[in-house]
Amino acid sequence: MNLTIFQCFHWYNTPEERLWVFLQEKAGYFAELGITHVWLPPAYKSAMGAGEPGYAVYDLYDLGEFDQKGSVPTRYGTLQEYKAAIDRLHEAGIKVLADIVLNHKLGGDKEEQIPVVTVDAENRKKWISEEHWVSAPTLFTFPGRAGKYSDFIWDHRCFTGLKLNDEIKLIRHEYTDKGWDDVPAQDRGSFDYLMGCDIEFRNPYVREELKKWAVWYREKVGFDGWRLDGLKHISYDFFPEWLNATGEIFPQKPLVIGEYWNGDMEPLNNYLEKTGYCMQLFDVPLHFRFFEGASRLHEFDLRTIRDGTLMHTKPEYAITFVDNHDTQPKQSLESFVGANFKTHAYAFILLREQGIPCVFYADFFGASYHDGGDENNQEKIVIEKVSFLEQLMRIRKEKAYGPQSDHFDSPNLIGWTRQGTDDSHTGCAVLLNTGDTAELSMEMGQKNGGRKMVVAGNNDLSVTLDEQGKGNFTAQGNIVTIYVFQD
Ligand code: CA
């Protein structure tokens, strides 16, 4: 069966939604839709409690179990609810991916006097102060957990840098002799520092603690793979070592997906090569092709939709997606694909052979939230669910199989066919149109010669294939048209 990932959250879920409970209820439905993997949000206690999705990591060992940062539960619920959600998903035959955020920590419990230098925010390799001492919240003792599961105390030697009074400081200790760690992203001199207290991976005690934690985490709740956050801010050598050291905790080879946020292939290729192809990557370049498609619509040349993407050049490493929690409105990487092109984009990731697609919660369920600005002047933002999405997922599950033939013929109309397998109900023909109603001649293979296909959800529109399996398919204006065999 085709693999399909579902990203089970968005930036603005509220504690009242009780996501872990919601997922327990939805597990059976997800399986019926053909979802084989779910990506769950960071499940450990955030420095902001329920105030953000979980990327502001405070305590990796608090999965909604200890009274820390304002509550026992996380934004999504308690440890028991989290475990029950994973169990229900497993019972439905769905694998679970845990979101791993290891670049930084926030919400230190105590201040330490530490030596630092201030660096230029736009060129972090440039020091703009003498070494001096400051008081900084770099001591993490987790008093609410009181040493349960791990007695590891994080202090300033576990961190490379931090932000203090809006200035970025490099912390001076034995591991930062050579400055920032050598990370993939070299913009701003070095993009090692992203936020909070930046974790120091050259400290061997940190590396060991993070391996121990991974083993504990898998044993505690039993997930099946990883989604790794913020790769470009972490040295190339950390994750290969960490994955190697923790690989045996999984009964089967885990699916590992990395987030390297860059729209160009060169850094993604570099990362895969330098890390020994130990994971798959989100196809960020493809997301930006979709974003451009939505922005330019009729002027966008559909024949270029997959140019310079992972899906096209390294499909076996491509995790394709349309949008995610970071590209949502008001977010740091805002680049939300407009409704005018969203269905085109989903058809492209769900019905083609290349890449494993990841469907986004807010596109599937819709989402509504306030923008978080001035409380008296908050704008309500509503994301409509993609009306066609459930149908596309069912077609992926049931029909999108077999050899693929492309007909990328004109700037405003492209199409492709999947010939199906030996099961006569499989196979489909897909047309993406950004212009007026038009026809496209495509082939379904000789084995399908003489058969009739109908538009999914509209039996009035049909095509009968000739003896060679060719047909003239009508593409409805400005939308996606999908033909399937009549059952
Ligand atoms: Ca870093």
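Here is a walk through this predicted model, from its barrel to its open sheet and then to a few single residues.

Let's start with the barrel. Eight strands close up in the order β1-β2-β5-β13-β14-β15-β16-β17, and their pairing is parallel. On average, neighbouring strands in this sheet are turned by 25 degrees against each other, ignoring direction. For a look at one of the seams, go to β15 (residues 280-282) and β16 (residues 318-321): these two run parallel and are joined by 2 bridges. Leu-281 has Ala-318 in β16 as its bridge partner.

Next comes helix α1, which covers residues 19-32. With 14 residues at 1.5 Å a residue, α1 should span 20 Å, and because its end C-alpha atoms are 20 Å apart, the two figures agree. There is a bend, though: α1 turns by about 50 degrees at Lys-26. Which residues of α1 are buried? They are Leu-19, Trp-20, Val-21, Phe-22, Leu-23, Ala-27 and Phe-30. As background, an α-helix has 3.6 residues a turn, so residues three or four places apart point the same way. The buried residues of α1 pack against two strands, β1 (5-7) and β2 (37-39), and against two helices, α2 (79-91) and α9 (361-365). Both of those strands also appear in the barrel order. After α1 you'll meet Gly-34, with a positive phi near 90 degrees.

Now for the open sheet. Six strands make it up, in the order β20-β21-β22-β27-β24-β25, with antiparallel pairing. Why do β20 (404-410) and β25 have one side left without a neighbour in the sheet? They stand at the edges and each has a single partner strand, so one side of each is left free of a sheet neighbour. From one strand to the next, the twist averages 20 degrees.

At the β25 end, zoom in on β24 (residues 452-455) and β25 (residues 458-464), an antiparallel pair held over 4 bridges. The two form a hairpin with 2 residues between them, and Gly-457 in that turn has a positive phi of about 80 degrees. Val-455 sits opposite Asn-458 in β25. β24 also pairs with β27 (residues 480-485), again antiparallel, through 3 bridges. In that pairing, Met-453 faces Phe-485 in β27.

Helix α8 links this part of the tour back to the barrel. α8 packs on the open sheet, where it touches β20, β21 (413-418), β22 (428-433) and β27, and its direction makes about 145 degrees with that of β22. α8 (residues 339-350) also lies across β16 and β17 (356-360), running at about 145 degrees to β17. Those two strands belong to the barrel.

One residue of α8 deserves a stop: Asn-340. Is Asn-340 buried or exposed? Asn-340 falls in between: its relative accessible area is 37%, so it counts as partly exposed. Setting aside its neighbours within four places in sequence, Asn-340 is in contact with Ala-294 and Leu-297. With Ala-294 there is a polar contact too, since a polar atom of the Asn-340 side chain lies 3.2 Å from the backbone oxygen of Ala-294. For a sense of scale, the C-alpha atoms of Asn-340 and Ala-214 are separated by 42 Å, and these residues are 126 residues apart along the chain.

There's a further antiparallel pair to see, β18 (residues 367-370) with β19, over 4 bridges. Ser-368 stands opposite Val-382 in β19. Side chains alternate along β19 (residues 380-383): Ile-381 and Ile-383 point to one face and are buried, whereas Lys-380 and Val-382 point to the other and are not.

Finally, take a look at two backbone oddities. Most residues other than glycine have a negative phi. Phe-142 isn't a glycine, yet its phi is positive, about 50 degrees. Ala-146 likewise has a positive phi, near 50 degrees. Phe-142 is in the loop between β9 (132-139) and β10 (159-164), and Ala-146 is in the loop between β9 and β10 as well. Their surroundings tell two stories. Phe-142 has 2% relative accessibility, so it counts as buried. Ala-146, with a relative accessible area of 65%, is exposed.

Terms used:
Residues are numbered from 1 along each chain as its sequence is written. This is a predicted model: local features need pLDDT of at least 70, side-chain atom pairs count only at pLDDT 80 or more; totals for chains, interfaces and linings use all residues. Side-chain values use heavy atoms; hydrogens and water are left out. Two strands pair if DSSP finds at least two bridges between them. Axes are lines fitted to C-alpha atoms, for helices over the stretch in contact, and angles run from 0 to 180 degrees between N-to-C directions. Contact means heavy atoms within 4.5 Å. The expected span of a helix is 1.5 Å times one less than its number of residues. The bend at a residue is the angle between axes fitted to the seven residues ending there and the seven starting there. Buried means under 20% relative accessible area, exposed over 50%, partly exposed in between (1.4 Å probe, protein chains only). A polar contact is a pair of N or O atoms within 3.5 Å; within protein, one must be able to donate a hydrogen and the other to accept it, and residues adjacent in sequence count only if both atoms are side-chain atoms.
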